[in-house]
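Biologist: Before we use any of the usual words for a protein model, I would like to hear what stands behind each of them. Could we look at the structure together and go through them one at a time?

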Amino acid sequence: MTKYKIIADLHVHTVASGHAADTIRVVCKAAEQKKLDGIAITDHGPGVPGGAERVYFWTLPRLARGIKTHTGLRVITGIEEDIKNRKGELMIPAVFLKDLEIIMAGCHPLTWIAEQSAATRTDALINAIVKNHIQVVTHPFGSGYDLNLEAVIDACVASGVALEFNASKVNDMNESLNFLERCAQKGASITVGSDAHVAEEVGDFNRILPLLQKTEFPEELIINRSKEAMESFFKLEW
Ligand SMILES: [Zn+2]
Ligand SMILES: [Zn+2]
């Protein structure tokens, strides 16, 4: 039994990502069944081949408002963006993202950042962090793209950006534990996300919770532990 409670899944993909199985309505139903209080719809943008275009993210707040759930599930609007250059700029202009509640970015296959050296990749990510283009760095390890994790964590701490502990990327136990220990030591905030690409994966934190327990990760650094913490970090209203 673990003392850790994650009340919202902050990383979920739908068919809009181009390579995920279920619709926004189906993943919301799954979140209700898992008794989550919230779900963030964070589809891939146009950086990933087949990802959603800007008009989808422009419309997403309307879709989220329209979905009526039985349990009062909070549908949070977001995106998992891609960085397009060393300056840390995102694929979609900020004006199309201004009504979204969570802006995240990470490294994905077949994108600009995937083709770069570790040094350039780290620079680009740090620029996106310090310029506050993003609020969360998704799967900072375990994606197969080398970067200077220490420098990325430091930039996140200095800029009030979170790092994600991603349930689909905890393959290497040492890497996962090292990440948590570094974050705890430096006082870096984390989000926990399933990175679900199919409804069954929504809210599945079974592999994550024992690692938080094992490292005795500071609860106060986990943003999706409470509504209040999410409201304050993401400046959103529940
Ligand atoms: Zn990703
Ligand atoms: Zn993802």
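Biologist: What makes you decide whether K35 is buried or exposed?

Modeller: This is a predicted model, so I work from its computed coordinates. K35 has 10 other C-beta atoms within 10 Å, and a residue with 12 or fewer counts as exposed, so K35 is called exposed. K35 lies in the loop between α1 (24-33) and β2 (38-44).

Biologist: What is the phi of K35, a residue that is not a glycine?

Modeller: The phi of K35 is positive, about 60°. That is worth a remark because most residues other than glycine have a negative phi. E216 is another residue other than glycine with a positive phi, in this case near 45°, and it is found in the loop between α6 (209-214) and α7 (227-234).

Biologist: How do you know whether E216 is buried or exposed?

Modeller: The count for E216 is 11 other C-beta atoms within 10 Å, and the limit for an exposed residue is 12 or fewer, so E216 is exposed.

Biologist: Which word fits V198, and what makes it fit?

Modeller: V198 has 13 other C-beta atoms within 10 Å; since exposed stops at 12 and buried starts at 20, V198 falls in between and is called partly exposed. V198 sits in the loop between β7 and α6, and, leaving aside residues up to four places away in sequence, it touches A20, A21 and D22.

Biologist: Let us turn to a helix. How do you know where the buried residues of α4 lie around its axis?

Modeller: In α4, which covers residues 149-159, the buried residues are V152, I153, A155 and C156. Looking down the axis of α4, one finds these buried residues within an arc of 160°, so they line one face of the helix. On the other side of α4, E150 and A158 are exposed.

Biologist: What do the buried residues of α4 pack against?

Modeller: They pack against α3 (118-130), β5 (136-137), β6 (162-166) and α5 (173-186). The contacts with α3 include T122, L125, I126, I129 and V130 on the α3 side, which meet A151, V152, A155, C156 and S159 in α4.

Biologist: Why are α3 and α4 described as roughly parallel?

Modeller: The two helices pack at an angle of about 10°, and their axes are 9 Å apart. Angles under 35 degrees count as roughly parallel, and α3 and α4 are therefore given that description.

Biologist: Now the sheet. In what order do its strands stand, and how are they paired?

Modeller: Seven strands form an open sheet in the order β1-β2-β3-β4-β5-β6-β7, and the pairing is parallel.

Biologist: What makes β1 and β7 edge strands?

Modeller: β1 (8-12) and β7 (190-193) each have a single partner strand, so one side of each is left without a neighbour in the sheet.

Biologist: How do you know that β3 and β4 are paired?

Modeller: Two strands pair if there are at least two bridges between them, and four bridges join β3 (residues 74-81) to β4 (residues 102-105), which run parallel. To take one of the partners, E80 has M104 in β4 as its bridge partner. The same test applies to β5 and β6, which pair in the parallel sense over two bridges, with V136 standing opposite A162 in β6. The chain passes from β5 through α4 to β6 in a right-handed β-α-β crossover.

Biologist: Why is β6 called largely enclosed?

Modeller: Five of the five residues of β6 are buried, so the rest of the structure largely encloses the strand. A162, E164 and N166 point one way, while L163 and F165 point the other way, and all are buried.

Biologist: How many bridges join β6 to β7?

Modeller: Four bridges join these parallel strands; E164 has T191 in β7 as its bridge partner, and N166 has G193. Between β6 and β7 the chain crosses through α5, and this β-α-β crossover is right-handed.

Biologist: What makes you say that both faces of β7 are covered?

Modeller: I190 and V192 on one side of β7, and T191 and G193 on the other, are all buried.

Notes: Residues are numbered from 1 along each chain as its sequence is written. Chains are lettered from A and ligands numbered from 1 in the order in which they are written. This is a predicted model: local features need pLDDT of at least 70, side-chain atom pairs count only at pLDDT 80 or more; totals for chains, interfaces and linings use all residues. The arc is that of the directions from the helix axis to the C-beta atoms. Two residues are in contact if their C-beta atoms, placed from the backbone, lie within 7 Å. A crossover is right-handed if, with the strands pointing away from the viewer, the path from the first strand over the helix to the second runs clockwise. Axes are lines fitted to C-alpha atoms, for helices over the stretch in contact, and angles run from 0 to 180 degrees between N-to-C directions. Angles under 35 degrees count as roughly parallel, over 145 as roughly antiparallel, 65 to 115 as roughly perpendicular and the rest as oblique.
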